[in-house]
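Hi everyone, thanks for coming. Let me put the structure on the screen, and then we can walk through its empty spaces together.

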Amino acid sequence: MLSSLLLFSATAALLTITPGLDTALVLRTAVNEGRRAALAAGLGICGGVLAWGVIVACGLGALLHTSALAYTLLRVIGAAWLLWLGVQLLRRRSEPAANPDTTTDTDGNWFWRGVLTNLLNPKVGLFYLTLLPQFLQPQDNVLWMSLAMALIHALEGVIWFALLVLVAARASTWLQSPRVQRSLDRLLGVAFIGFGAKLALDH
């Protein structure tokens with residue numbers, strides 16, 4: 001059991017630090033919205049990961065594999081969500097970054113954006129559905145081992161996103177220029193639209 005968890009921890013850590021939409025979203029939020037909003041987005045992303053882990057551990061994730069209707073419905077909703085986020089970023093005007101030490105009403109919004117970005121992507125569920133069983137032994141309790149691995153993955157994500165926010169804060173003088181902020185919004189907006197279109201067209 002311990003060896004399986006250690007092996008999974010190493011695998012999950014490599015997956016966590018691999019650049020992708022999650023990393024880009026947290027970095028962009030740290031630069032344009034401030035540290036608190038970025039940490040809220042990171043916690044939301046990790047919450048989405050943990051939610052998928054619970055869904056798969058309880059056996060509900062198998063529905064995505066066996067039910068074309070369930071997968072298609074979630075895929076369409078997830079694609080629409082990514083496309084909406086992308087369009088909002090492209091339309092956004094450059095504004096001064098929020099005070100990183102001030103709590104704003106939008107922090108909760110960023111948390112839920114992080115949650116939904118992962119939770120509405122059926123590929124994350126299918127990924128967990130195929131990844132977790134590879135680290136299970138015949139004598140393991142499937143439910144508790146799956147939950148433990150999902151929790152490990154989520155905690156690694158929290159640590160990684162916290163480091164990203166600290167790095168962004170160190171480089172805040174350069175990163176918070178309106179030109180850089182606008183460029184980040186455009187790049188991430190195009191990325192969200194591209195991933196959303198790919199998800200919508202994927203069968």
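On a 1 Å grid over the protein atoms alone, a cavity is a set of points where a 1.4 Å probe fits but cannot get out, while a pocket is an open set with protein on both sides within 12 Å along at least five of seven lines; lining residues have an atom within 4 Å of a point. Grid points are joined across faces, edges and corners, and a volume is the space filled by probe spheres set on the points.

Please keep in mind that this is a predicted model, where local features need pLDDT of at least 70, side-chain atom pairs count only at pLDDT 80 or more, and totals for chains, interfaces and linings use all residues. Residues are numbered from 1 along each chain as its sequence is written, and side-chain values use heavy atoms, with hydrogens and water left out.

So, how many cavities of 30 Å³ or more does a search of the whole structure find? The search finds 1. The largest cavity has a volume of about 40 Å³, and its lining is Leu25, Leu85, Leu89, Trp110, Arg113 and Phe192. By class, that makes 5 nonpolar, no polar and 1 charged residues; here Ala, Val, Leu, Ile, Met, Phe, Trp, Tyr, Cys and Pro count as nonpolar, Asp, Glu, Lys and Arg as charged, and the others, Gly among them, as polar. Helix 5 and helix 6 each give at least two residues to this cavity lining; helices are DSSP runs (H or I, at least four residues), numbered from the N terminus.

Now the pockets. The largest pocket has a volume of about 740 Å³. Of its 26 lining residues, Leu21, Asp22, Asn118, Asn121 and Val124 are the closest to the centre. Its lining counts 14 nonpolar, 9 polar and 3 charged residues. Among the helices that supply at least two of them are helix 1 (2–17), helix 2 (21–32) and helix 10 (178–201).

The second largest pocket comes in at about 200 Å³. Ten residues line this pocket, with Arg28, Glu33, Arg92, Trp110 and Arg113 nearest its centre. Helix 5 (68–91) and helix 6 give two or more residues to that lining. Its classes are 2 nonpolar, 3 polar and 5 charged.

One last stop: is alanine 40, in helix 3, buried or exposed? Alanine 40 counts as buried because its relative accessible area is 10%, and buried means under 20% (1.4 Å probe, protein chains only). Its C-alpha atom is 8.4 Å from that of tryptophan 112, 72 residues apart along the chain. Thanks for listening!

Note on methods:
Buried means under 20% relative accessible area, exposed over 50%, partly exposed in between (1.4 Å probe, protein chains only).
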